[in-house]
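Let us walk through this structure step by step. We start with one whole chain, then turn to its core, and end with two helices.

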There are 2 protein chains.
Amino acid sequence: MRILLIEDDTVLGAAVRDQIAADGQSVDWVTRLDVAGDSVRTTAFDLILLDLMLPDGRGIGFLKELRARGDVTPVIILTALDQVSDRIEGLNAGADDYLVKPFDLAELSARIGSVARRYSGNPNPLVSHGALQIDLAARSIHRDGKLVPLTAREWALFEAFLARPGQLLSKAQLEEKLYAFDAEVESNTIEVHVSRLRKKLGSAVIETERGMGYRLGKP
Amino acid sequence: MRILLIEDDTVLGAAVRDQIAADGQSVDWVTRLDVAGDSVRTTAFDLILLDLMLPDGRGIGFLKELRARGDVTPVIILTALDQVSDRIEGLNAGADDYLVKPFDLAELSARIGSVARRYSGNPNPLVSHGALQIDLAARSIHRDGKLVPLTAREWALFEAFLARPGQLLSKAQLEEKLYAFDAEVESNTIEVHVSRLRKKLGSAVIETERGMGYRLGKP
DNA sequence: CAGTCCCCTTCAGGCTGCTGTCAGCTTAAT
DNA sequence: ATTAAGCTGACAGCAGCCTGAAGGGGACTG
């Protein structure tokens, strides 16, 4: 597991680094937020330990920025005792846990293990298709890392395409998928939903075969 | 949990008592050390909140005496003396934690929970989700540091979401979780419980996917 | 055993926003 | 150029969802 330690206190920093190393994890230790910013952009860490009082700014801002970019790397805040509001603010800003200085190194290990375990839970299998990442179990689609919410009908339609990638599907077939036998649709409903899907997922995702039907485009 | 509050300041004492009561704990409030001495001899408390400056002596002495008798009830010191020497003396005398006046009541709740946890065996791992801090083992949730009591059904429901954060869960799936196979629910029970959860935990916690189900919102 | 309290379920009314429909426009094929 | 086929903005209706209120029932107390 790769851990980023952001801490300007050299004594505490060294102690934490050694403790983590003793646990068999690898540590990158930086003492400034700007350096940390570079690190998280170039390396995918599994966990970030963040001190709140640093020479070049407050850690809260760093954390908020991180989350604003959509980064969900777990963060444990290390904070001194008298920063009550900071701690609450930290958790609200998206921290996963906090430790109050001075903390026990064994407790640090425990917290790291806890967070790691929480996040190593088997994630759902992801299907990639071009810029789209599809989590079938969660029914979520990310486009360029951003969540794209689909409505029920849109999902049903998109699922039909995903089930037969590259295969031509006539409107009649699609209607059959979307509407249990009995229901009747007498208009261009499929066209409308395809249009809505393309607007959300990108126009290249579904291709039109004039007179024949639709098919899922190549990634 | 039974808590003994030893504090001679009537304003602060009342505030602390109310806060603890709001957290669902029971409080005994005394203003003198001799009364406190009687209390600890007749009642088994789970936690003692101890002011250091009292009309009939210093709290440190009381604490030392307590420990000398082999009493290991956790003690949190409340002190206006923001002095390192006092803190150290308090901790050396056997205190488990301390709060410097004026302190945040939410912080007090958190500390109480923390101490309680420490003495209930290992510290339980805390899961943070936005403004929520969730103790899965203790089945307790703190929102902005304040305890939010959940009923059995509410917890079962919330747990289902926590198990698969971000994943879409249909009402059918949730019903399966809440009601062992046999039971039948023929109404909008899930909706009602979701509604109650949102009222307690914040409306953004659970998101509705119309026609498909619910999912745990992003922190 | 009566009394009390609180949780759970059910129901009903109100609201939201998805969905199907249509009209007018664009594109492709002949 | 003509025509068929597909695209898309707009909109009304309604299914699905939310929530306050009420009643039943279980657990606890005196």
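Among contacts in chain A between residues at least 6 apart in sequence, what percentage join residues at least 24 apart? The figure is 54%. Keep in mind that the model is predicted.

Chain A holds eight helices and 13 strands. It has 219 residues, and 42% of them are buried. Its accessible surface comes to about 11,300 Å². Carbon and sulfur atoms account for 52% of that area.

Now go inside. The largest nonpolar core contains 25 residues. Those with the most contacts within this core are A:Ile141, A:Phe158, A:Phe161, A:Leu174 and A:Leu201. Which elements of chain A give two or more residues to this core? They are strand E9 (132-135), helix H6 (152-163), helix H7 (171-178), helix H8 (189-201) and strand E13 (213-216). H6(A) supplies the largest share, six residues.

Take A:Phe161 as a way in. Set aside its neighbours within four places in sequence. A:Phe161 is then in contact with A:Leu169, A:Leu174 and A:Ile206. It also contacts A:Tyr214, A:Arg215 and A:Leu216.

Another core lies apart from the largest one. It has 23 residues, including B:Leu132, B:Leu150, B:Val194 and B:Ile206.

Move to chain B and helix H8 (residues 189-201). Does its length suggest a regular or an irregular helix? Check the span: at 1.5 Å a residue, its 13 residues should cover 18 Å, and the end C-alpha atoms are 18 Å apart, so the two agree. Five names make up the buried set of H8(B): B:Ile190, B:His193, B:Val194, B:Leu197 and B:Leu201. These residues lie on the same side of H8(B), because they cover an arc of only 105 degrees around the axis. Just after the helix, B:Gly202 takes a positive phi of about 110 degrees.Helix H3 (residues 59-68) of chain B can be read in the same way. Its buried residues are B:Gly59, B:Ile60, B:Phe62, B:Leu63 and B:Leu66. They cover an arc of only 160 degrees around the axis, so they sit on the same side of H3(B). What does the face turned away from the buried side of H3(B) carry? That face carries the exposed residues B:Glu65 and B:Ala68.

Conventions
Residues are numbered from 1 along each chain as its sequence is written. Chains are lettered from A and ligands numbered from 1 in the order in which they are written. This is a predicted model: local features need pLDDT of at least 70, side-chain atom pairs count only at pLDDT 80 or more; totals for chains, interfaces and linings use all residues. Side-chain values use heavy atoms; hydrogens and water are left out. Helices (H or I, at least four residues) and strands (E, at least two) are DSSP runs, numbered from the N terminus. Buried means under 20% relative accessible area, exposed over 50%, partly exposed in between (1.4 Å probe, protein chains only). Contact means heavy atoms within 4.5 Å. Accessible areas come from the Shrake-Rupley method with a 1.4 Å probe; for residues, only the protein chains shown count as cover. A nonpolar core is a set of buried Ala, Val, Leu, Ile, Met, Phe, Trp, Tyr and Cys residues joined through side-chain atoms within 4.5 Å. The expected span of a helix is 1.5 Å times one less than its number of residues. The arc is that of the directions from the helix axis to the C-beta atoms.
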